[in-house]
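Notebook open, coffee at hand. Here is what I looked up today, entry by entry.

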Amino acid sequence: MEAPAVILHRYGEAPVLDTVRLDAPGPGEVLVEMVASGICHTDLSYVRDARTVPVLLGHEGAGVVRALGCGVRTVAEGDTVVINWQPKCGRCRNCQRGRQDLCENVAGTGAPRVFWRDAPLSVMLNAGTFCRFVVVPEGGAVPVSPKMPFAKAALLGCGVATGVGAALYTARVEPGDDVVVLGCGGVGLNVVQGARLAQARTVIAVDRDDTRRDLARRYGATHVFPAVTELVTEEVRSLTQGRGVDHVFEVVGLPDLMLQGIDHLARGGTLTLVGAAARDAALPLQPRRFMSQQQNLRGCIYGNIRPTRDLPLFAELYLRGELLLDELEGRHLRLEDVPRVFTGEFTDLGVRPIVRFE
Ligand SMILES: [Zn+2]
Ligand SMILES: [Zn+2]
């Protein structure tokens, strides 16, 4: 079948709306008709650091299962699914020892299923959700409650998974912990609410944008600041009897901000890197103090979630009112509008712009 899709052809240029051809799902694979797809910061950064071009963009989406390859057991036609861009192999050493969050062979389809001008086309993060249809391994389409609105379901697939997961599973924030979150976009706000769900005592959120600071308060921040300044340092000291905080989350990807984050850590504290730094960025860490303060540095991909357990759980928590998502849903766009997001033509996109396919 043919379908419209947004393809990045060249580094440094906006992607374009094009047409791709899709093969039917192979064994253990499913065809999903996309209904909504969020535009994540990683989509935008692919313009400079995609591993290969051309590539079909998009990785945060939700839709309806339309066809099954043979042997598929965990989803059925008509299911509402969230696209999981880390389908686990189930066979590698880490999957076998119960650490599927560290899977060494995150699975794509068995063979290329998307073609552009008759050549196989790379798809971003095993997904490629800026396309009317996607073919993914069955683990890449995780059923959630059909009551879940599609735009909100889409957000679960990257921003919520990464942010809430960073707090709950990567850093394992505990009740009573003190937390700093640097950067409150679509992921950072979810780190804030993850810290709230974990019953952190103090959540200090930092973002330059007024609206996002207001949202951070709504999502669980106890204190907000526009930048990491002396004020933040004083606040951290006074709130923690001079100790510093148990957790800092860096959700922007800037080495300077990471170093400022380390300055706020208590003895035994952990800096969790959630934001994607440039591939050649370096962090000039002072190891002596870090060593004597017994601190930790953690990298975080996809919030170390277990997608088949956590994506349906997050949907349930939203439907019960315990996970907030409504404020994250930004402006709705058509697929053909996506290239104009990359050229900066929109000024009022909200936290997470959403592509609607209907
Ligand atoms: Zn993303
Ligand atoms: Zn694995």
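**Entry 1: the metal site.** I began with the zinc ion (ligand 1), whose donors follow the spacing C-x18-H-x98-C along the chain. The protein donors are Cys40 (SG), His59 (NE2) and Cys158 (SG), and they lie 2.0 to 2.2 Å from the zinc ion. I took donors to be N, O and S atoms within 2.8 Å of the metal (3.2 Å for Na, K and Ca); water is not among the atoms, so sites may look incomplete. The cysteine pair links distant parts of the chain: cysteine 40 sits in the loop between strand E3 (29-38) and helix H1 (41-49), cysteine 158 sits in helix H3 (residues 150-170), and 118 residues separate them. Helices (H or I, at least four residues) and strands (E, at least two) are DSSP runs, numbered from the N terminus.

Are these two cysteines buried or exposed? Cysteine 40 is buried at a relative accessible area of 3%, and cysteine 158 is buried at 4%. The scale I used: buried means under 20% relative accessible area, exposed over 50%, partly exposed in between (1.4 Å probe, protein chains only).

**Entry 2: ground rules.** I am reading a predicted model, where local features need pLDDT of at least 70, side-chain atom pairs count only at pLDDT 80 or more, and totals for chains, interfaces and linings use all residues. Residues are numbered from 1 along each chain as its sequence is written, chains are lettered from A and ligands numbered from 1 in the order in which they are written, and side-chain values use heavy atoms, with hydrogens and water left out.

**Entry 3: helix packing.** Two packed helices are described by the angle between their axes and the distance between the axes. I looked up H3 and helix H4 (residues 188-197), which pack at an angle of about 40 degrees with their axes 7 Å apart. My axes are lines fitted to C-alpha atoms, for helices over the stretch in contact, and angles run from 0 to 180 degrees between N-to-C directions. H3 and H4 are therefore oblique to each other. The classes are: under 35 degrees roughly parallel, over 145 roughly antiparallel, 65 to 115 roughly perpendicular, and the rest oblique.

H3 passes H4 in a right-handed crossing. A crossing is left-handed if the near helix is turned anticlockwise from the far one by less than a right angle, and right-handed if clockwise. On the H3 side the residues that meet H4 include Gly159, Val160 and Gly163, and on the H4 side Asn190, Val191 and Gln193 are among them. Contact means heavy atoms within 4.5 Å.

Next I followed H4 to helix H5 (residues 210-219): the angle is about 20 degrees and the axes are 8 Å apart. That makes H4 roughly parallel to H5. The contact is made by Leu189, Val192, Gln193 and Arg196 of H4 with Arg212, Leu215, Ala216 and Tyr219 of H5. The crossing of H4 and H5 is right-handed.

**Entry 4: strands.** I found an open sheet of six strands in the order E8-E7-E2-E1-E4-E9, with mixed pairing. Its edge strands are E8 (119-120) and E9 (122-123), each pairing on one side only. Two strands pair if DSSP finds at least two bridges between them. Strand E2 (residues 16-22) runs antiparallel to strand E7 (residues 114-116), with two bridges, and leucine 22 stands opposite valine 114.

Elsewhere, E3 and strand E5 (residues 60-68) run antiparallel with eight bridges; serine 37 has glycine 61 as its bridge partner in E5. E5 also pairs with strand E6 (residues 80-83) in the antiparallel sense, over three bridges, and alanine 62 is matched with valine 82 in E6.

**Entry 5: a buried threonine.** Threonine 129 lies in the loop between E9 and strand E10 (133-137) and is buried at 0% relative accessibility. Not counting residues up to four places away in sequence, threonine 129 touches ten residues' worth of neighbours I can list in part, including Met34, Ser37, His59 and Phe357. **Entry 6: backbone oddities.** Most residues other than glycine have a negative phi, and most peptide bonds are trans. A cis peptide bond joins valine 53 and proline 54, with omega about -5 degrees; proline 54 lies in the loop between H1 and strand E4 (55-56).

Aspartate 118, in the loop between E7 and E8, has a positive phi near 70 degrees and is exposed at 65% relative accessible area. Asparagine 304 has a positive phi near 50 degrees, but is buried at 10% relative accessibility.
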